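Hello,

Here is the structure I promised to pass on to you. Please have a look at the sequence and the model first, and then read my notes below.

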Amino acid sequence: MTAAAPSLLVVALLGVTGTQLILRRRAKTLWWSVLPALALFVPFAGSASGALRGVLADPGIPLQYTAADLWQQLLGFPVAFDPLVPPEALEFLGSGPWALVPVLLIGAPPVVLAVFALFGPTSGRPGALAAWALALLCLSVSAASLSFPVATSGTALIPPFTGPLVSGVVLFLLAAALVGADSLLVPRDPRPTGKPAPAVRALLLAGSMVLAAGPLTSLGLWTVPQLAQAADAEAVGLSLPDAPDTGIAPEPATSSGSATGDGPAESTDFGTGILVHPGAERILPATAADRGTGPDRTRTLVLTIGGNNGNNGNNGSNGDGVAAALMRGGGTTLDASSQLNSTVGLSGSGTTPQIRPDDAATASLRDAAAMVVSGTGADPRAELRRFGVGHVVLQQSDTAADLLAEQLDAVPGLVAVGKTPSGWLWRVSPPVLSNGTEDPGGQTARARIVDAEGRTEALVPSGITRIDTGIQEGAEGRTLVLAERADAGWQAMLDGRPLESTSEGWAQTFVLPSRGGHLTVGYVSAWQPWTEAVQAVVFGATALLAVPVPSRPRAARVLPTGRRDTPDDGWTPAPGHGPADPGIPSEADREPGMATAGAS
């Protein structure tokens, strides 16, 4: 659970700590329950050393949302809604507290039963108190998390999503509600039948119907907006055959606002709108995807007019509202997104972080994208070559995209391939020599060998993350250039000997000798061996603790109940209670200092 919702780890740590302080020795092994989650977070936190707040961010693409008030979260709704408007697809009801009716039908019964458990039989009250304490802890963490931004979307600061914490609130309230419901099932009629009184039976029947209506209403609140969205999409034809589709729906202005955000909301979907919809078969055109997944591992510069693909760590946009992002392989998908990618844009600590200024790589990408879309005739090939960009894609098919496509046709170095189902496609071609052939020194890839003059000498085959191949001998002064940010974790070896690590601007480079050999390049963290050792110990010990072990039976000693009026050496047992009685130890069997029970 903590892998998909890191904010729950805070609740787990605080809950286990509080339980340890209260129960002390009786809960001495409870702290082990959080060790596996912490062991999994150790390498992740190490990779987020530059943006530790990203550890608490939700996986995937961050989306701006409006968190619900605490009373709405207590009823089980994480996203804010207007209680004075009708639910979606029920606009014909007009103005009124129509949204509040299903909310109370869903969330009020568990809360009422949970409150009743606090005043019910004393046997279940400690469990109810513990469940309420954990529910209030989840609410407190949820309220505090809203003041701790963990990601950025454009210029907006986004806190962790409160949905997992609200799920924790509902879970613990349901646990307390079970205690309250159990106390209601106690028979109230002292007659020999043992059955509840008729009035109690009628009350239980009505309560059962209310409890059953809650889940059905919740299912309806989720299903009806989905059917309405599908009907609207089919009516207006949102899925165009020739329109590229990334699988991510446009981000709404607010969860309960109107479509345009200009005025009061006409209905509310309670935050149940689905923002992921079926996309195109390919994110990138086949030509770009083939080179991106081949040995060259080239990248694709994706342009979106007035859009944001969520890849905030490697994007740029010009003043005309064109967003640009680099995509690897066959394109960036939701399962390949990382919360750290959207967190690196934040700097500072505490509740008031600042948008981090562009680093050298992001600024260079922004300049390259500006040269591509500016229409000034500037040649962007030198900058694109450093990023390993082999193709440019414009992911739109409207009038604005057609105008921009005509402008990109005139950019030096961009050769138009044509319009594809995934967008307009251009190939980044090297300069042309006097004999009419492309200059090999202008080729690009993820890894390439560059001579002393900065010309590409050879392209190095690369894997997804590592390089393991042979290289030919060459002239002195050549370097291996990676289309990656310079970092101390990059290590390269030639025939087992480490190469000197340098940098060319923002790019990672290594000094190559003139001889050839077997080249290996990879990213290695100094903490990796230690974190792997800690994980092995924790997971191994957890597996051993989970193995059931039979306990040794303890023999019970029955003490005599007779009177003892004389010292041990002169004591005579009462008739029927002598050593022959198997329940009483003999004088020889009694341990020194063992007292016998009796009345003086």
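Let me start with one pair of residues that you can find quickly: Asp 468 sits opposite Thr 520, a residue of β19. Please keep in mind that this is a predicted model. The pair belongs to the contact between β13 and strand β19 (residues 517-523), two strands that run antiparallel and are joined by five bridges.

These two strands are part of an open sheet of four strands, in the order β13-β19-β15-β16, with antiparallel pairing. Its edges are β13 (467-471) and β16 (497-498); each has a single partner strand, so one side of each is left without a neighbour in the sheet. As a reminder, strands of a sheet pair through backbone hydrogen bonds, either parallel or antiparallel.

Next, please go to strand β11 (residues 447-450). From this strand, Ala 447 and Ile 449 point one way, while Arg 448 and Val 450 point the other way, and all are buried. Which strands does β11 pair with? One is strand β14 (residues 479-485), with four bridges in the antiparallel sense. There, Ala 447 has Leu 482 of β14 opposite it. Another is strand β12 (residues 456-459), which runs antiparallel to β11 and is joined to it by three bridges. In that pairing, Arg 448 faces Leu 459 of β12. β11 and β12 also form a hairpin, with five residues between them. In the turn you will find Gly 454, which has a positive phi of about 85°.

Now for a few single residues, beginning with Thr 162. You will find Thr 162 in the loop between β2 (156-158) and α6 (163-184). Is Thr 162 buried or exposed? Thr 162 counts as buried, because its relative accessibility is 0%. Its side chain reaches the backbone oxygen of Pro 78 at 3.2 Å. Not counting residues up to four places away in sequence, Thr 162 touches Tyr 65, Ala 67, Gln 73, Pro 78, Ser 142, Ser 145 and Leu 146. Pro 78 therefore appears both in the list of contacts and as the partner of the Thr 162 side chain.

Gln 72 is another residue to look at, and its place is in helix α3. With a relative accessibility of 2%, Gln 72 counts as buried. Leaving aside neighbours within four places in sequence, Gln 72 is in contact with Phe 77, Val 79, Ala 80, Phe 81 and Pro 83.

For something on the surface, please turn to Leu 93, in the loop between α3 (70-74) and α4 (100-118). Leu 93 counts as partly exposed, because its relative accessibility is 32%. Together with Leu 90, Phe 92, Trp 98 and Val 101, Leu 93 makes a nonpolar surface patch of about 480 Å².

Finally, here are some values for the chain as a whole. How many helices and strands does the protein chain have? There are 13 helices and 19 strands. The chain has 600 residues, and 38% of them are buried. Of the contacts between residues at least 6 apart in sequence, 65% join residues at least 24 apart. The protein chain exposes about 32700 Å², and carbon and sulfur atoms supply 63% of that area.

I hope you enjoy looking around, and do write back with any questions.

Best wishes

Key: Residues numbered from 1 in each chain as written. Predicted model: local features only at pLDDT ≥ 70, side-chain atom pairs only at ≥ 80, totals over all residues. Heavy atoms only, no water. Buried < 20%, exposed > 50% of the residue type's maximum accessible area, 1.4 Å probe, protein only. Polar contact = N/O pair within 3.5 Å; in protein donor to acceptor, adjacent residues only side chain to side chain. Contact = heavy atoms within 4.5 Å. Patch = residues over 30% accessible without salt bridge, like charges linked within 9 Å, V, L, I, M, F, W, Y side chains within 5 Å. Areas by Shrake-Rupley, 256 points an atom, 1.4 Å probe, with all protein chains shown as cover. Salt bridge = Lys/Arg side-chain N within 4 Å of Asp/Glu carboxyl O. Pairing = 2+ DSSP bridges.
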